Amino acid sequence: MRVKVSILGHFGEGANLLNGQTVKTKIITEELQNQLGQDQVMKIDTHGGWKTLLKAPFQVFCALKNSTNVLIFPAQNGLRVFAPLLAFIKRIFKKRKIHYVVIGGWLPQFLMQRKRLSRILRKFDGIYVETNTMRSALEAQEFENVYVMPNCKKLTVLSENELVYPSGVPYKLCTFSRVMKEKGIETAVNIIKNVNDRLGYIAYSLDIYGQVDTAQKEWFEIIKRQFPDYVRYCGCVDANRSVEVLQNYFALLFPTHFYTEGIPGTIIDAYAAGIPVISAKWESYSDVIDEGITGIGYDFDDADQFERALFEVAQKPNVLLNMKENCVRKAKDYIPESAIQIMTEKFGGGITSIL
């Protein structure tokens, strides 16, 4: 029997993977199962790197043969493999629909020098990006099949009377992402050291959460040995406990060095917990953070401005504390039930056709 949707995605079955690609793939799959029924969603795991790509032609054939719609969630390497395969094998299954859910903000720049891949993707039934910034960039490259589907998480958003208002120093800050150089972890540590030294007291502490990037464990071990007492590595947190952990913090730091981030899941976590964000202004910053309402931004890769922002907030903490209610209101924009509607409308007959 043909199912409504086949999902070619990085599920990492048997592995405890907490990267953005795996998390988003699982969240959207679970929501589709909730809305369509588990028997209408077929999962095909693409986890395993280049060795697994040897199975890609068979996985693609299976997905197209057995479903009306095929969803893919690849990163750069996977996209170069799965998009051409889908386009080629679809010649056999002409009535199938192909949808590409983009994770992060890298796609517009990636496609600028890849004309053949762009031609293939323009024929897809839908490309679902996280921000208006990304949609505009792709439309400038003559794409007409791009839709905005915000990143989403199934979280329990705190009510306003559940918000925690920390008082007194040190103000607890945290990062909540993959632990790697490119996420600005070391930058955050150094800036907090500088601010505390300038003020002459420990204004801030920093807790670092997240999975350490496999290729950067040695780097992290080196910087960990240099942590002052007010900086700690706290390991990983299960996705269903993120709000519980974050709600007691003063603010989330997002000092990313990736300019093409999409909608970072960590910021959705923060909003649900009612904590504002101090962030680098990456490409899609204004799509996610309302300046002065749900967070404060500093110019991308401007460490001096980052330090100045923390220095000023330490002296006027109410600037951030007054944003907490705005954050929980904003979190409701990223609930999966509403986020995926733009995609399910393209499935052909919509969700109601199989209920």
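**Exercise 1. Which residue in S3 does Val-3 stand opposite?**

*Solution.* We are working with a predicted model, so let us go through it strand by strand.

Step 1: Find the two strands. S1 covers residues 3–9, and strand S3 covers residues 67–72.

Step 2: Look at how they pair. S1 and S3 are joined in the parallel sense over five bridges.

Step 3: Read off the partner. Val-3 stands opposite Ser-67 in S3.

**Exercise 2. Find the bridge partner of Val-5 in S2, and decide whether the residues of S1 are buried or exposed.**

*Solution.* Step 1: Turn to strand S2, residues 41–45, which runs parallel to S1 and is joined to it by five bridges.

Step 2: Pick out the partner. Val-5 has Val-41 as its bridge partner in S2.

Step 3: Check the burial of S1. A residue counts as buried when its relative accessible area is under 20%. Seven of the seven residues of S1 are buried, so this strand is largely enclosed by the rest of the structure.

**Exercise 3. Locate the cis peptide bond that leads into Pro-170.**

*Solution.* Step 1: Go to the loop between strand S6 (146–148) and strand S7 (171–176), where Pro-170 is found.

Step 2: Look at the bond from Val-169 to Pro-170. Its omega is near 0°, and the bond is cis.

**Exercise 4. Study the positive phi values of Glu-142 and Asp-301, and say where each residue lies.**

*Solution.* Step 1: Start with Glu-142. Its phi is near 75°, a positive value in a residue other than glycine. Glu-142 sits in the loop between helix H7 (132–139) and S6.

Step 2: Test its exposure. The cut-off for exposed is over 50%; Glu-142 has a relative accessible area of 63%, so it is exposed.

Step 3: Move on to Asp-301. This residue is not a glycine either, yet its phi is positive, at about 60°. Asp-301 belongs to the loop between strand S12 (295–298) and helix H13 (303–315).

Step 4: Apply the cut-off again. Asp-301 counts as exposed because its relative accessibility is 51%.

**Exercise 5. Which residues form the positive surface patch, and where is Lys-123 placed?**

*Solution.* Step 1: List the members. The patch is formed by Arg-91, Lys-94, Lys-115, Arg-116, Arg-119, Arg-122 and Lys-123.

Step 2: Place Lys-123. You will find Lys-123 in the loop between helix H6 (115–121) and strand S5 (126–129).

Step 3: Judge its exposure. Lys-123 has 69% relative accessibility, so it counts as exposed.

Key
Residues numbered from 1 in each chain as written. Predicted model: local features only at pLDDT ≥ 70, side-chain atom pairs only at ≥ 80, totals over all residues. Heavy atoms only, no water. Patch = residues over 30% accessible without salt bridge, like charges linked within 9 Å, V, L, I, M, F, W, Y side chains within 5 Å. Areas by Shrake-Rupley, 256 points an atom, 1.4 Å probe, with all protein chains shown as cover. Salt bridge = Lys/Arg side-chain N within 4 Å of Asp/Glu carboxyl O. Lys, Arg positive; Asp, Glu negative; His and termini not counted. Charge placed at Lys NZ, Arg CZ, Asp CG, Glu CD. Helix = DSSP H or I, 4+ residues; strand = E, 2+ residues; numbered from the N terminus. Buried < 20%, exposed > 50% of the residue type's maximum accessible area, 1.4 Å probe, protein only. Pairing = 2+ DSSP bridges.
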